[in-house]
Amino acid sequence: MNAQLACVLALAAGTYAFRLVGPALHGRVTVPARVQDLLTTGATVLLVALLATGALTEGHGFAGWARPAGVLVGGALAWRRAPFAVIVLGAAGATALLRLAGLP
């Protein structure tokens with residue numbers, strides 16, 4: 001067996017184990033409220049960091065002003081609880097219009 005196949009099998013087994021642990025331990029393990037709050041905050045921080053990285057960078061540099069503006073439009077629409085399709089189309093439309101106007 002080559003090393004690449006062994007790695008794929010190990011990752012598959014680990015993924016299956018993670019998926020199995022949730023239902024197997026449900027109701028048996030109680031997580032304190034403070035830990036739940038920290039996990040929620042950690043997940044939020046990771047999502048914001050991913051959003052900032054995707055919105056502000058392209059390659060090794062700044063992505064230009066049109067993309068962050070489109071993300072802001074999408075965020076504003078999401079804040080107003082618009083339907084998902086409206087959010088995506090609004091963000092893409094704002095970015096496209098700004099790029100059409102000459103903003104990078």
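Start by selecting Leu51, Gly54, Ala55 and Leu56 in H2, then add Arg67, Pro68 and Val71 in H3: these two groups meet each other. You're looking at a predicted model, by the way. By class, this contact of H2 with H3 has five nonpolar residues, one polar and one charged.

Now show the whole of helix H2, residues 33-56, together with H3. Two packed helices are described by the angle between their axes and the distance between the axes. Here the angle is about 140° and the axes are 8 Å apart. That makes H2 oblique to H3, because only angles over 145 degrees would count as roughly antiparallel.

Next stop: the rings. Select Phe62 and Trp65, whose ring centres are 5.0 Å apart. How are the two planes set against each other? They sit at 65°, so this pair is edge-to-face; the cut-off for that label is over 60 degrees. Enjoy the view, since the structure holds one aromatic pair. Turn on the surface and check each partner: Phe62 counts as partly exposed at 48% relative accessibility, while Trp65 is exposed, with a relative accessible area of 57%.

Move along to Arg81, in the loop between helix H3 (66-79) and H4. Is Arg81 buried or exposed? With a relative accessible area of 76%, Arg81 is exposed. Look at the backbone here too: Arg81 has a positive phi of about 60°, although it is not a glycine.

From the loop, step into helix H4, which covers residues 84-100, and click on Ile87. Ile87 has a relative accessible area of 16%, so it counts as buried, the cut-off being under 20%. Which residues does Ile87 touch, leaving aside those up to four places away in sequence? Select Gly74, Leu77, Ala78 and Ala82 to see them. Then try your distance tool from Ile87 to Val71: the two are 16 residues apart in sequence and 9.6 Å apart in space, C-alpha to C-alpha. You've met Val71 already, as one of the H3 residues that meet H2.

For the last stop, head back to helix H1, residues 3-25. H1 has 23 residues and reaches 32 Å from its first C-alpha to its last. That is close to the 33 Å expected at 1.5 Å a residue. Finish on Gly27, which follows H1 and has a positive phi, near 90°.

Note on methods:
Residues numbered from 1 in each chain as written. Predicted model: local features only at pLDDT ≥ 70, side-chain atom pairs only at ≥ 80, totals over all residues. Heavy atoms only, no water. Helix = DSSP H or I, 4+ residues; strand = E, 2+ residues; numbered from the N terminus. Buried < 20%, exposed > 50% of the residue type's maximum accessible area, 1.4 Å probe, protein only. Contact = heavy atoms within 4.5 Å. Phe/Tyr/Trp six-rings, centres within 6.5 Å; stacked < 30°, edge-to-face > 60°. Axes fitted to C-alpha atoms, helices over the stretch in contact; angles between N-to-C directions. Parallel < 35°, antiparallel > 145°, perpendicular 65-115°, else oblique. Nonpolar A, V, L, I, M, F, W, Y, C, P; charged D, E, K, R; others polar. Expected span 1.5 Å × (residues − 1).
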